[in-house]
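Please open the structure in your viewer and keep the selection tool at hand. The tour below moves from stop to stop, saying at each one what to select and what is there.

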Amino acid sequence: MYKWDLSLPPGTKLPAHLAIIPDGNRRWARSRGLPTFEGHKKGFEVVVEVTRACWEMGIHTVSLWFFSTENWNRSKEEIAYLMKIYDGLIKELLKDAKKYGVKMVHLGRKEKIPEWLAKTAQKAEEETKRARKHILNFCLDYGGHDEILRVTKKMLKEKVDPNKLTKETFGSYLDTKGQLHPYPDLIIRTSSEQRLSGFMSWQNAYSEFYFEQDHFPDFNPAKLKKAILDYSRRKRRFGGN
């Protein structure tokens, strides 16, 4: 039996697509006088637990922002450690993905991350490509602006007729192309930062936002449940009445 009480009141509206920006690992570590890697290590554990809770609750699509295109500005030592963390994290999530019927999808650039990590990501995608119950997008070397630039370059290369360009056409070139729920209904960012830093710049047009005060290592399924209940109370009009 799952150790967290994830029961929800009747009529609770779940987001079909939940995205999480797990911020604050380093600040969590510094606030405790610990080395940075301890914060990332704790964050690893929270990612696995919270993602599992999403599937237990019945959320179809989950997107996790692991590493942004701007994170390359960090020290070589931290980046090297993070790449190893992500390798282990993808392998750990793959175990649960097979259990819960989850298709894993790598969003972001493929060519800059280490070859061994790219192979791990590709293996996870390959081994879960036939899963239909859930989708897990792991955003690795991902940036919303970069995604739009890659889409634009590809359309120019393929000579897409600008007179026939629609939102649907553009969406068919995004990293989330072909997904049942490509647009996040709810985006959670931890560590009290009230910005998205370009996350899913195209897809987030009508997303609801939830800014959690605690750093990500202190996030847990109970706080996830609180965010879901907050989302469920909101009225979404998508520009209409």
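What follows is a walk through a predicted model, taken one selection at a time.

**Stop one: the cysteines**

Begin by selecting Cys54 and Cys139, and ask how many disulfides the whole structure holds. A search of the whole structure finds zero disulfides. Cys54 is in no disulfide, and the nearest cysteine sulfur to its own, that of Cys139, is 13 Å away. Cys139 is likewise in no disulfide, its nearest cysteine sulfur being that of Cys54. Because a disulfide is counted when two cysteine sulfur atoms lie within 2.5 Å, a separation of 13 Å leaves this pair uncounted. While both residues are selected, turn on a surface display and ask whether Cys54 is buried or exposed. Cys54 counts as buried, with a relative accessibility of 0%, and Cys139 also counts as buried, with a relative accessibility of 0%.

**Stop two: three salt bridges**

Side chains of opposite charge can pair when their charged atoms come close. A search of the whole structure finds 25 salt bridges, and the next three selections are among them.

Select Arg74 together with Glu78, which form a salt bridge whose closest N and O atoms are 3.2 Å apart. The two partners fall into separate classes of accessibility, since Glu78 is buried at a relative accessible area of 12%, whereas Arg74 is partly exposed at 25%. The line between these classes is drawn at 20% relative accessible area, under which a residue is called buried.

Move next to Glu126 and Lys129, whose side chains meet in a salt bridge with an N to O distance of 2.8 Å. Here Glu126 counts as partly exposed, at 45% relative accessibility, and Lys129 counts as partly exposed as well, at 33%.

Then select Asp230 and Arg234, which form a salt bridge with their closest N and O atoms 2.5 Å apart. Asp230 counts as partly exposed at 24% relative accessibility, and Arg234 is partly exposed with a relative accessible area of 22%. After these pairs, select Asp23, Arg27, Arg189, Glu193 and Arg195 together, for salt bridges that share partners join these residues into one network.

**Stop three: the loop between β5 and β6**

Now display the loop that runs between β5 (186-189) and β6 (208-211), and pick out Ser191, which has its place there. Although Ser191 is not a glycine, it has a positive phi of about 75 degrees. Ser191 is also buried, with a relative accessible area of 1%.

Keep the loop between β5 and β6 in view and select Ser197, which lies in it too. What is the sign of phi at Ser197, a residue that is not a glycine? Phi at Ser197 is positive, at about 55 degrees. In contrast to the buried Ser191, Ser197 is partly exposed, with a relative accessible area of 38%.

**Stop four: distances along the chain and in space**

For this stop, show the C-alpha atoms and select Asn25, which is found in helix α1 (residues 25-31). Asn25 counts as buried, at 13% relative accessibility. Add Thr190 to the selection and ask how far apart Asn25 and Thr190 are in space. Their C-alpha atoms are 9.7 Å apart, while 165 residues separate them in sequence.

Keep Thr190 selected and replace Asn25 with Val105, whose place is in strand β3. Val105 counts as buried, at 13% relative accessibility. Val105 and Thr190 are 85 residues apart in sequence, and from C-alpha to C-alpha they are 23 Å apart in space.

For another pair, select Leu8, which lies in the segment before β1 (17-21) and counts as partly exposed at 26% relative accessibility. Measure from there to Gln122, and the C-alpha atoms should read 35 Å apart, with the two positions 114 residues apart in sequence numbering.

**Stop five: a positive patch on the surface**

Finish by selecting Lys110, Lys154, Lys157 and Lys177, which form a positive surface patch. To place one of these lysines, look for Lys110 in the loop between β3 (102-107) and α4 (115-128). Lys110 is partly exposed, with a relative accessible area of 41%.

Notes. Residues are numbered from 1 along each chain as its sequence is written. This is a predicted model: local features need pLDDT of at least 70, side-chain atom pairs count only at pLDDT 80 or more; totals for chains, interfaces and linings use all residues. Side-chain values use heavy atoms; hydrogens and water are left out. Patches are made of residues with over 30% relative accessible area and no salt bridge: like charges are joined within 9 Å, nonpolar side chains (Val, Leu, Ile, Met, Phe, Trp, Tyr) within 5 Å. Accessible areas come from the Shrake-Rupley method with a 1.4 Å probe; for residues, only the protein chains shown count as cover. A salt bridge is a side-chain nitrogen of Lys or Arg within 4 Å of a carboxyl oxygen of Asp or Glu. Lys and Arg count as positive and Asp and Glu as negative; His and the chain ends are not counted. The place of a charge is taken as NZ of Lys, CZ of Arg, CG of Asp or CD of Glu. Helices (H or I, at least four residues) and strands (E, at least two) are DSSP runs, numbered from the N terminus. Buried means under 20% relative accessible area, exposed over 50%, partly exposed in between (1.4 Å probe, protein chains only).
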